[in-house]
Amino acid sequence: MTGVLNKFTAIFAALTLLLASPILAAAQRRRPVALLITGGTVVTMDKDRRVIEDGAVAVERGRIVAVGKRAEIERQFTAREIIDARGRAVIPGLINGHTHIPMTLFRGIADDLDLNEWLTKYIFPAEGKNVTEAFVRVGTQLGLAEMIRGGTTTYCDMYYFEDAIADETARAGVRGLLGETVIDFPVADNKTWPDAMRYTDNFVRKWKGHALITPAIAPHAPYTVSEAHLREVRAFSDRTGAPIITHISETRKEVEDVTRDHGARPVEYLARIGFLSLRTVAAHTIHLNEVEIGLLRQYGVGSVHNPQSNMKLASGVAPVPQMLRAGVAVGLGTDGAASNNDLDMWEEMDTAAKLHKLYSLDPKVLSAEESLALATIGGARALHMFDDIGSLEAGKRADIVIVDLDALHQTPRYNIYSHLVYATKASDVRTVVIEGRVVMRDRRLLTLNEALIKQKARALRERVTRSLSTP
Ligand SMILES: [Zn+2]
């Protein structure tokens with residue numbers, strides 16, 4: 001009896017080995033990675049603008065290791081976690097190239113005014129009375145939650161207490177190019193210029209080399225920061241390698257004032273004093289002439305277009321098609337939520353494409369594909385982060401967004417770029433991965449407590465309202 005059993009066991013074992021060995025060998029050859037996103041339409045935004053139907057993305061140690069057809073990727077990799085993206089779009093994380101994130105708490109505080117009146121009568125006073133580090137933290141959490149929900153994985157910010165903003169951003173697992181605002185009058189965090197420069201120096205030193213946070217210096221604008229201070233900022237950037245984030249040529253008044261005070265238009269003036277460099281990011285750049293567009297290109301300055309904010313404050317229309325034709329790196333941003341009034345990059349892409357068609361009376365001037373590029377690979381270029389983000393390519397950081405495509409407003413589908421830019425909404429974003437970490441899964445935020453954030457934001461609204469009614 002034992003003999004028969006032994007013989008049976010031996011034959012069974014041999015058979016199992018024989019059958020399993022090719023499968024086993026294949027499995028062993030497959031490289032284990034942290035995460036596979038499989039199925040779905042992968043919109044790479046790489047230089048060939050590959051769109052891969054039934055594609056897949058493999059992620060390991062926060063980076064993309066492969067992008068291709070699902071069958072091909074599954075042959076090469078096994079993963080500890082697999083996200084099924086069938087029927088959905090898989091796109092590079094969106095890049096919000098210009099924000100003042102804590103200003104979410106001033107959403108709707110004053111509308112329907114021009115920049116000058118809005119800023120001097122409402123925003124500067126409201127900031128003076130309310131902005132503390134605690135306020136900034138709540139506003140940042142609110143903005144981060146809104147951005148993750150909308151598929152934004154990187155944002156470029158300029159505000160006060162930027163160290164607290166960096167802290168909240170890193171904790172939420174979001175990528176940020178974060179600039180401490182320096183300006184020639186006393187503000188919430190620093191009352192003098194030397195204090196602001198000291199703060200910025202510590203801030204840059206503390207965060208330099210962080211996987212998610214790139215610390216930067218953010219002189220407010222050429223009309224609020226003196227020439228001597230702008231030169232000092234450039235020297236600081238040269239010494240530390242910190243990027244410079246600023247506003248340039250947002251209004252006609254700025255162009256007139258700078259021309260009167262310095263004898264040149266803003267971009268020409270900034271070029272003349274040696275302020276512009278390959279590390280400069282300029283928001284708005286609306287009122288430019290051909291020479292200034294050439295200077296932006298020549299110095300490698302990144303430009304960030306904020307169509308909704310510019311429309312709402314009636315600031316003007318940036319020459320985006322002209323800048324793109326001239327080879328300027330152009331990204332897209334929402335600006336602060338007080339002038340927009342949200343941080344929704346989907347609206348911004350839609351608006352950018354339509355605004356430039358209307359303004360030029362040429363429907364071909366900015367296509368849906370080009371508009372998506374502004375919010376992804378173009379933004380990466382404008383923020384000087386092209387090597388790390390902006391497209392789904394092996395070697396880049398794993399900032400990936402999965403978007404539903406089956407809502408009524410997305411049915412039926414012919415062209416993926418048209419669908420993403422003209423039909424899709426922030427609420428269609430399902431899952432968000434940043435630096436290989438899932439920060440929203442199936443619309444559930446994993447790094448932020450949404451209910452608590454809303455409660456804290458509403459409580460602060462009461463304080464802001466009271467502060468404005470008292471002199
Ligand atoms: Zn701004």
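**Notebook: zinc site and aromatic pairs**

I looked up the zinc ion and found it coordinated by His 98 (NE2), His 100 (NE2), His 247 (NE2) and Asp 335 (OD), at 2.1 to 2.6 Å; I note that the model is a predicted one. The angles among the 4 donor atoms run from 84 to 174°, and I therefore enter the site as irregular, since four donors count as tetrahedral if all angles lie between 85 and 135 degrees. Along the chain I read the spacing of the donors as H-x1-H-x146-H-x87-D. His 100 lies in the loop between E8 and H3 and His 247 in strand E12 (residues 244–248), so this pair ties together parts that are 147 residues apart in sequence. I looked up burial for these two as well, and both His 100 and His 247 are buried.

Next I turned to the aromatic rings, where the count comes to 3 aromatic pairs. One of them joins Phe 106 and Phe 135, a tilted pair at 5.4 Å centre to centre with 35° between the planes. Phe 106 is in the loop between strand E8 (94–99) and helix H3 (115–130), while Phe 135 is in helix H4 (residues 133–149), so the pair links parts 29 residues apart in sequence. I find both Phe 106 and Phe 135 buried.

For Phe 124 and Phe 185 I noted ring centres 5.4 Å apart and planes at 75°, so I enter the pair as edge-to-face. Phe 124 is partly exposed, with a relative accessible area of 22%, and Phe 185 is partly exposed at 32%.

Lastly, I looked at Phe 386 and found Lys 396 over the face of its ring, at 4.4 Å from the ring centre.

Methods
Residues numbered from 1 in each chain as written. Predicted model: local features only at pLDDT ≥ 70, side-chain atom pairs only at ≥ 80, totals over all residues. Heavy atoms only, no water. Phe/Tyr/Trp six-rings, centres within 6.5 Å; stacked < 30°, edge-to-face > 60°. Helix = DSSP H or I, 4+ residues; strand = E, 2+ residues; numbered from the N terminus. Buried < 20%, exposed > 50% of the residue type's maximum accessible area, 1.4 Å probe, protein only. Lys NZ or Arg CZ within 6 Å of the ring centre and 35° of its normal. Donors = N, O, S within 2.8 Å, 3.2 Å for Na, K, Ca; no water. Tetrahedral: all angles 85-135°; square planar, octahedral: opposite > 155°, others 65-115°.
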